[in-house]
Amino acid sequence: MHLGSTYRSRSSWLLALALLLKFDVTPSVEINTGSVRALTFIEVAVQARGNASGALRQRTSALLEHQISPGQIILMQEISRPERFAVLERETPAASTADRWKTHALTESLTDDLTAPPDQRLNREFDKGAPSAGPSGDVRANLYVITHVDIATPDRSRAETALHRLATAARRSDGNLGFEILQQIDRPNHFNLISAWLSESPFRAFAVSAEARQFRQTLGPLLGSPYDERLFRRID
């Protein structure tokens with residue numbers, strides 16, 4: 001009886017491992033290397049967006065002042081729905097500890113205003129060939145675009161190649177101040193694209209370019225959920 005139980009346990013473990021390998025679902029402990037990018041989405045009641053904007057500015061400034069390691073925090077507000085905010089935290093490996101990524105530091109004064117719990121996604125840099133090409137604190141950036149891409153197929157090679165080509169084309173386009181591909185640590189088939197632009201006009205021009213159109217055509221059949229692209233302005 002004991003041997004049978006052990007055999008079943010071993011078989012279950014091997015089956016789970018086989019499924020992980022088949023769908024390329026790498027455990028987070030293996031993916032979480034290098035610097036971490038925390039992307040947090042915050043949504044408040046419409047009537048509370050003014051109060052939330054001020055409170056988030058204060059909390060962001062306080063966090064920046066008390067950072068031990070060099071890092072960066074970009075606070076953004078969605079243009080079409082200003083009750084939605086996004087916070088991008090860019091950390092060095094030394095500062096990327098589990099305790100660092102606690103959202104209560106940002107939202108502790110917004111408990112009554114939140115319409116949902118903060119949605120935090122931890123990411124790793126996916127485009128290692130251009131680590132310095134991500135959105136920066138450039139004061140010229142008047143528009144940030146955050147795009148969430150969910151790849152449904154187990155073979156992500158086509159999608160990943162398309163992502164790299166899009167990033168290269170975007171960085172070469174007029175008005176672009178940075179483009180970064182982030183891969184979620186706990187869901188490696190999910191990607192978050194962050195780009196910074198001088199204004200909305202150059203972004204719109206790039207969105208209808210041949211390179212952007214080809215990217216959407218390639219990516220379309222591979223998506224597991226609708227293409228989620230949101231426009232933000234920096235408010236910190």
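Q: Which residue forms a salt bridge with Arg-84?
A: This is a predicted model, in which local features need pLDDT (the predictor's confidence in each residue, from 0 to 100) of at least 70 and side-chain atom pairs count only at pLDDT 80 or more, whereas totals for chains, interfaces and linings use all residues. Residues are numbered from 1 along each chain as its sequence is written, and side-chain values use heavy atoms, with hydrogens and water left out. A salt bridge is a side-chain nitrogen of Lys or Arg within 4 Å of a carboxyl oxygen of Asp or Glu. With its closest N and O atoms 3.7 Å apart, the pair satisfies this rule, and the partner of Arg-84 is Glu-78.

Q: Is Glu-78 buried or exposed?
A: Buried means under 20% relative accessible area, exposed means over 50%, and partly exposed lies in between (1.4 Å probe, protein chains only). Arg-84 has a relative accessible area of 17%, so Arg-84 is buried. Because the relative accessibility of Glu-78 is 5%, Glu-78 also counts as buried.

Q: Which residues are linked in a network of salt bridges with Glu-78 and Arg-84?
A: Side chains of opposite charge can pair when their charged atoms come close. Under the rule used here, the count of salt bridges comes to 12. The residues linked in a network with Glu-78 and Arg-84 are Glu-43, Arg-81 and Glu-83.

Q: Which residue forms a salt bridge with Asp-127?
A: The closest N and O atoms of this pair are 2.8 Å apart. The pair links distant parts of the chain, 44 residues apart, with Asp-127 in the loop between strands E4 (119–125) and E5 and its partner in helix H5 (residues 157–172). Asp-127 is buried, because its relative accessibility is 12%. The partner, which is partly exposed with a relative accessible area of 23%, is Arg-171.

Q: What distance does H5 reach from its first C-alpha to its last?
A: Helices (H or I, at least four residues) and strands (E, at least two) are DSSP runs, numbered from the N terminus. The expected span of a helix is 1.5 Å times one less than its number of residues. For the 16 residues of H5 the expected span is 22 Å, and the span in the model is close to that value, at 23 Å.

Q: Which elements are included in what covers the buried residues of H5?
A: The buried residues of H5 are Ala-159, Glu-160, Ala-162, Leu-163, Leu-166, Ala-167, Ala-169 and Ala-170. Their cover includes strand E6 (176–184), E7, H6 and helix H7 (210–219).

Q: Which residues are in contact with Ala-167, leaving aside its neighbours within four places in sequence?
A: Ala-167 lies in helix H5, and its relative accessible area is 0%, so Ala-167 is buried. Contact means heavy atoms within 4.5 Å. Apart from those sequence neighbours, the contacts of Ala-167 are Asp-127, Phe-179 and Ile-181.

Q: How many residues of strand E5 (residues 143–150) are buried?
A: Both faces of E5 are covered. Leu-143, Val-145, Thr-147 and Val-149 are buried on one side, and Tyr-144, Ile-146, His-148 and Asp-150 are buried on the other. The number of buried residues in E5 is eight of eight.

Q: Which strand pairs with E5 over eight bridges?
A: Two strands pair if DSSP finds at least two bridges between them. E5 is joined to strand E8 (residues 228–234) by five bridges in the antiparallel sense, and there His-148 has Asp-228 as its bridge partner. The strand that pairs with E5 over eight bridges is also antiparallel to E5, and in it Tyr-144 has Ala-196 as its bridge partner. This strand is E7.

Q: Which element of the chain has the highest mean pLDDT?
A: The mean pLDDT of the chain is 81, and 73% of its residues reach 70 or more. Values under 50 occur throughout residues 1–33 and residues 93–99. Where pLDDT is low, the predicted coordinates should not be read in detail. Helix H2 (residues 28–31) has the lowest mean among the elements, 36, whereas the highest, 98, belongs to helix H6 (residues 200–207).
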